[in-house]
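Reader: I would like to learn how charged side chains are read in a model, and how one tells what lies inside. Could we go through an example together?

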Amino acid sequence: MEILTHPNPVLKQHAMDVDIAHDSDLRALVRTMAGAMYEFSGVGLAAPQIGVAKRVIVFDVEDQLSALVNPVIVERADETVTDEEGCLSVPGISVPIARAEWVVCNGVTLEGKEVTLRADDFLARVLQHEIDHLDGVLILDRLDLPERKEAIKAYNAVNQSQRLG
Ligand code: ZN
């Protein structure tokens, strides 16, 4: 199992909506994504991170595996909370990211049922992070220029030394 890492261009793509009724690969995709998420001890994963440009996310907050297809944030708090955030596609660093305190998210389950999810705190952060992936947005893209330069320097240093063993 491989998770794509920055600067893989697939991570910058805008993922496509899924046609649930006609997508026979969806269950297998979600199984693969959940497997990768647990293998790498993540709390969420988006399909582009395993190279599939479809709008599918999985997450496990509070020991509950959930999958959401075509998720859309339809409402968000004006208030933001800034916290350190990491990403399996930007391994080895964490950076402070401001996220809406709560969000309301529409999406479709694997069974084709439309759902509305109101999420606060950490789950709100996870949903915003994973939905960003569907739009080709990484945590690095959420930083201002000086912060971003600093983060990329740290990322390159960490991943360079890993390559050297
Ligand atoms: Zn991520």
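Author: A salt bridge is a side-chain nitrogen of Lys or Arg within 4 Å of a carboxyl oxygen of Asp or Glu, and here Glu 85, Arg 99, Arg 125, Asp 132 and Arg 142 are linked in a network of such bridges. This is a predicted model, in which local features need pLDDT of at least 70 and side-chain atom pairs count only at pLDDT 80 or more, while totals for chains, interfaces and linings use all residues. Residues are numbered from 1 along each chain as its sequence is written, and side-chain values use heavy atoms, with hydrogens and water left out.

Reader: Which parts of the chain does the salt bridge between Asp 132 and Arg 99 tie together?

Author: Helices (H or I, at least four residues) and strands (E, at least two) are DSSP runs, numbered from the N terminus. The side chains of Asp 132 and Arg 99 meet at 2.9 Å, N to O; Asp 132 lies in helix 2 and Arg 99 in strand 5, so the bridge joins parts that are 33 residues apart in sequence. Arg 99 also forms a salt bridge with Glu 85, at 2.7 Å, N to O.

Reader: Is Asp 132 buried or exposed?

Author: Buried means under 20% relative accessible area, exposed over 50%, and partly exposed in between, with a 1.4 Å probe and protein chains only. Asp 132, at 8% relative accessibility, therefore counts as buried, and Arg 99 is buried with a relative accessible area of 4%. By contrast, Arg 118, which meets Asp 120 in a salt bridge, counts as exposed at 51% relative accessibility.
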